[in-house]
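The following exercises ask you to work through pockets in a predicted model. Try each task against the structure before reading the solution beneath it.

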Amino acid sequence: ARVVIEFFRGTSLLVQLFWLFYVLPLFGYQLEPMLCGVLALGLNYGAYGAEVVRGAMAAVPIAQKEACIAVGFSPWLQVRKVLFPQAWVQMVPPLTNLLIQLLKGSALASFILLQDLTYQIEQLRRGTGDTIFAFGVGLIIYFVLAYALTLVMNVVEIRAKRRLGL
């Protein structure tokens, strides 16, 4: 797992997209553009997300695990009832950042023929002939989507803290 995580964190998302879309067919594996986009974005941001989870789980005080063992909790019960709820509160803010980065990173999918928001903005620019207007609309749309994600994740964080009594 460590090798996979480091590989996908250590290589460019754009190169991963190109590799899946343009190089993989040279080995006899043709993937649909949507699958390439989802796969590249999922593997890249999933690797970053895995590090967020690992770091948050490692940040839970060792005394919590020792208490679980003393009470006789199974490993699954330790994680489900004690360790993960405490780590979840610490995971939410960095996961919010990752979600926003994923939203913005999806614009790279237009390089492999996917018609995402960036493609639509370019179509608007061509149709109106007004670059400032088209990309201004794009900025506003991306901002509204990112802000909405932030608001939703803030509610998730508040609920997680309440469950822990914080």
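**Exercise 1.** Identify the residues that line the largest pocket, and then establish which elements they come from and how they divide by class.

*Solution.*
1. The lining of the largest pocket is made up of R80, K81, F84, P85, W88, V89, V156, R159, A160, R163 and L164.
2. Two elements, α5 (75-105) and α7 (131-164), each give two or more residues to this lining, and α5 gives the most, with 6 residues.
3. Sorted by class, the lining of the largest pocket holds 7 nonpolar and 4 charged residues, with no polar ones; the charged residues are R80, K81, R159 and R163.
4. The space in the largest pocket comes to about 240 Å³.

**Exercise 2.** Carry out the corresponding analysis for the second largest pocket, giving its volume, its lining, the contributing elements and the classes of residue.

*Solution.*
1. For the second largest pocket, the computed volume is about 160 Å³.
2. Its lining consists of F7, F8, T11, V15, Q16, W19, L20, L39, A40 and L43.
3. Here the elements that supply two or more residues are α1 (2-10), α2 (13-23) and α3 (33-59), and of the elements that contribute, α2 gives the most, with 4 residues.
4. The lining of the second largest pocket divides into 8 nonpolar and 2 polar residues, with no charged ones; T11 and Q16 are the polar residues.

Technical notes:
Residues are numbered from 1 along each chain as its sequence is written. This is a predicted model: local features need pLDDT of at least 70, side-chain atom pairs count only at pLDDT 80 or more; totals for chains, interfaces and linings use all residues. Side-chain values use heavy atoms; hydrogens and water are left out. On a 1 Å grid over the protein atoms alone, a cavity is a set of points where a 1.4 Å probe fits but cannot get out, and a pocket is an open set with protein on both sides within 12 Å along at least five of seven lines; lining residues have an atom within 4 Å of a point. Grid points are joined across faces, edges and corners, and a volume is the space filled by probe spheres set on the points.
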